[in-house]
Amino acid sequence: DVTYAWSGDATTSSIRTVTSGGAYSVTVTSVGNGCTTSASVSVTENKEVPTVTISTPDIINCETTQITLSANATPAGSLDVNYKWSGTGDVTNTTLVSDGNVYVVTVTDNENFCTATASVQPTVDKVQPTVAGISSGIIDCEKTTQTITVTANGAHALNYAWSAGVTGAASTGTTTDSGVYTVSITDGTNKCTVSTSVSVSENKVNPTVTIPAVETLNCQVTKTTLTANVSGATDIAYAWSAGGSTTSTNNVADGTFVVTVTNNKNKCTASAELVVSKDVASPTITISTPEELNCAVSVVTVSASATSTVAGHTYSYNWTGSKSGQTVEYNSPATYTVTVTDNVNHCTASEDVTISQDINNPDVEIPAVSQIDCENPSRVLTATVTAYNSHTVSYKWSQTETFSTFTVSVGGSYSVTVTDDVN
């Protein structure tokens, strides 16, 4: 039998367990003869733990939803190591993750089996913007462009993208058309997006306006009133070309007049036009030339006729002496007036006519003649007209002779009547 004595240790068995490198010796002694022998061995030690780091990862957000975690053991390239990631089970120096959990990588040195760990917790920024409200107005004839305003909050600066039909790149946009519009709001940093919509309505309905026709103005009715009839709106403003801001405009003469009505709610307008005509043409009078009053004509007839530039009119005739009608009679010389009234436009005109008279009797004498005797059995009686005009005359002797001379053969009383052939 032998005994064992290890240097620096009380172990007495042939096997000694060591935990560090160094020189170790053992002395073996024979129990029977006390002889000894020694042996030594040098134990090397390799307990170098690898150093491992994880690169700072990107931030997980709404655009970058998955990131790579990368572990590096040092000194780089000199180690034969294995990697093992918690949570994913990957066995390379990289692993893909999409959340903010804590990830641990364990690195094992394949030579000395020493291990080292490192951990990392990715930052997750997926906070979406919040919309507090979105508003717009109504497009009408006054506000042809409407502004849409959205109020949003976010963790970072926000970007805005409006749907087609809206102009703008900020929290306000403008549109000229009705419709449903959408705005997408994106966090400029984490790229998270929220969308909201708004309906823009339109009221561009024009009112309808007419001006009823009025009667033609004339010499009796020289002014009129125009009234606008409006439908399609109730809150209306009026503007007349003749002046006035109510439904009607008064004291209007002839001409072309326009009313413009505005719906006070949507500012849409409409216009109507009316031509007010007038007929103030006085009648044109024609009077027949009357006969002359004389010894044969004691009453004369006068006729008047009227015409107008407008067809279809009728007329009333009033003469001096309270006579009426187209034809009247007068029995004395004078200047008479006829006033003609147009029964349609009530315009008047007057015209004068003069009736003359000729009642001058011719002056006649029969010069005396000598007596009838045996030497002069007949005598010629001659009727002589004196102090008279140039009218022709007719003669009528009591014995029916009709010449200015009359031969008589019997004594007696003779007479002649001379008649003016004109009067």
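This is a short talk about the nonpolar core and the aromatic rings in this structure.

Okay, one thing up front: what you're looking at is a predicted model.

Let's begin with the core. The largest nonpolar core has 19 residues, and if you want to find it on screen, go to Val302, Tyr317, Trp319 and Val338, which have the most contacts inside it. Which strands feed it? At least two residues each come from β29 (284–287), β31 (300–307), β32 (315–319), β34 (327–330), β35 (334–342) and β36 (348–355). β31 gives the most, with four residues.

Now click on Val302. Leaving out residues up to four places away in sequence, Val302 touches Trp319, Val328, Tyr330, Val353 and Ile355, among others. Its contacts also include Ile287, Ser288 and Pro290. As general background, nonpolar side chains in soluble globular proteins tend to be buried together.

While we're at Tyr330, have a look at Lys323: that lysine lies over the face of the Tyr330 ring, 5.4 Å from the ring centre.

On to the aromatics. How many aromatic pairs does a search of the whole structure find? Three. One of them is Trp397 with Phe406, a tilted pair with 5.6 Å centre to centre and 40° between the planes. Then there's Phe406 with Tyr414: the centres are 5.7 Å apart and the planes sit at 75°, so that pair is edge-to-face. Put together, Trp397, Phe406 and Tyr414 form one aromatic cluster.

And are those rings buried or exposed? Trp397 is buried, at 1% relative accessible area. Phe406 is buried too, at 9%, while Tyr414 comes out as partly exposed, at 22%, because the buried label needs a value under 20%.

Notes: Residues numbered from 1 in each chain as written. Predicted model: local features only at pLDDT ≥ 70, side-chain atom pairs only at ≥ 80, totals over all residues. Heavy atoms only, no water. Core = buried A, V, L, I, M, F, W, Y, C linked by side-chain atoms within 4.5 Å. Buried < 20%, exposed > 50% of the residue type's maximum accessible area, 1.4 Å probe, protein only. Contact = heavy atoms within 4.5 Å. Phe/Tyr/Trp six-rings, centres within 6.5 Å; stacked < 30°, edge-to-face > 60°. Lys NZ or Arg CZ within 6 Å of the ring centre and 35° of its normal.
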